[in-house]
Amino acid sequence: MNHYETVFILNPVLSETQIKETVQKYEEFLTSRGAKMVSKEDWGLKKLAYPIQKKKSGFYHLFEYTVDGEVITPLEVEFRRDERFMRYLTVALDKHAISWAERRREKLKQKA
């Protein structure tokens, strides 16, 4: 089981319910394939550094999870097929990145 982090940007024209349905769909996609969700964060609507698909903002979300490596390719294929996604990035975390992510989550808990 490898530790991964996926950040994706959803189209800003989506409604609140459409965003929740999309996030839920891909969370279920991962868990049905044996992924264990470590954390998920909704970063909200953010301005983009440059226009993507003629849009200047997007809804950012982050998934952190552990799963076998062969699940990543089908996940990214689903991202490419779904027109609600503007961009996505999946990275494998090493031990230093995992500890940094844990510290970041602790800071967020203390702020809340």
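This passage walks through the sheet, the helices packed on it and the nonpolar cores of a predicted model.

The sheet is a good place to start. Four strands form an open sheet in the order S2-S3-S1-S4, and the pairing is antiparallel. Strand S2 (36–52) and strand S4 (85–92) sit at the edges with a single partner strand each, so one side of each goes without a neighbour in the sheet. On average, and with direction ignored, neighbouring strands are turned by 20° against each other.

Two of the strand pairs can be followed through the bridges. S1 (residues 2–10) runs antiparallel to S3 (residues 55–67), with nine bridges between them. Within this part of the sheet, Glu5 faces Glu64 in S3. Glu64 turns up again on the S2 side, as the bridge partner of Ser39. S2 and S3 are likewise paired in the antiparallel sense, here over 11 bridges. Their hairpin has two residues between the strands, and Gln53 adopts a positive phi near 55° there.

Next come the helices. How does H3 compare with the span expected from its residue count? At 1.5 Å a residue, its 17 residues should cover 24 Å, and the end C-alpha atoms are 25 Å apart, which agrees. Ala101, Arg104 and Arg105 are the buried residues of H3. These three cover an arc of only 100° around the axis, which puts them on the same side of H3. In general, an α-helix has 3.6 residues a turn, so residues three or four places apart point the same way. The buried residues of H3 pack against S1, S2 and S3, while Lys95, His96, Lys107 and Gln110 are exposed on the other side of the helix.

As for the nonpolar interior, the largest core holds 20 residues, and those touching the most other members are Phe8, Leu10, Leu30, Phe63, Tyr65, Val67 and Leu75. Two or more residues come from each of S1, H1, S3 and helix H2 (72–81). H1 is the top contributor to this core, with five residues. A separate core of five residues lies apart from it, with Ile9, Leu48, Ile52 and Met86 among them.

Tyr65 is worth a closer look for its contacts. Leaving out residues up to four places away in sequence, Tyr65 touches Asn2, His3, Tyr4, Thr6, Leu30, Lys36, Met37, Val38, Ile72, Leu75 and Thr90. Leu30 also appears among the contacts of Ala35, which touches Leu30, Thr66 and Val67 when residues up to four places away are again not counted. Ala35 itself belongs to the loop between H1 and S2. Is this loop residue buried or exposed? Its relative accessible area is 10%, and with buried meaning under 20%, Ala35 counts as buried. Between the C-alpha atoms of Ala35 and Phe63, which are 28 residues apart along the chain, the separation is 11 Å.

Methods
Residues are numbered from 1 along each chain as its sequence is written. This is a predicted model: local features need pLDDT of at least 70, side-chain atom pairs count only at pLDDT 80 or more; totals for chains, interfaces and linings use all residues. Side-chain values use heavy atoms; hydrogens and water are left out. Two strands pair if DSSP finds at least two bridges between them. Axes are lines fitted to C-alpha atoms, for helices over the stretch in contact, and angles run from 0 to 180 degrees between N-to-C directions. Buried means under 20% relative accessible area, exposed over 50%, partly exposed in between (1.4 Å probe, protein chains only). Contact means heavy atoms within 4.5 Å. A nonpolar core is a set of buried Ala, Val, Leu, Ile, Met, Phe, Trp, Tyr and Cys residues joined through side-chain atoms within 4.5 Å. The expected span of a helix is 1.5 Å times one less than its number of residues. The arc is that of the directions from the helix axis to the C-beta atoms.
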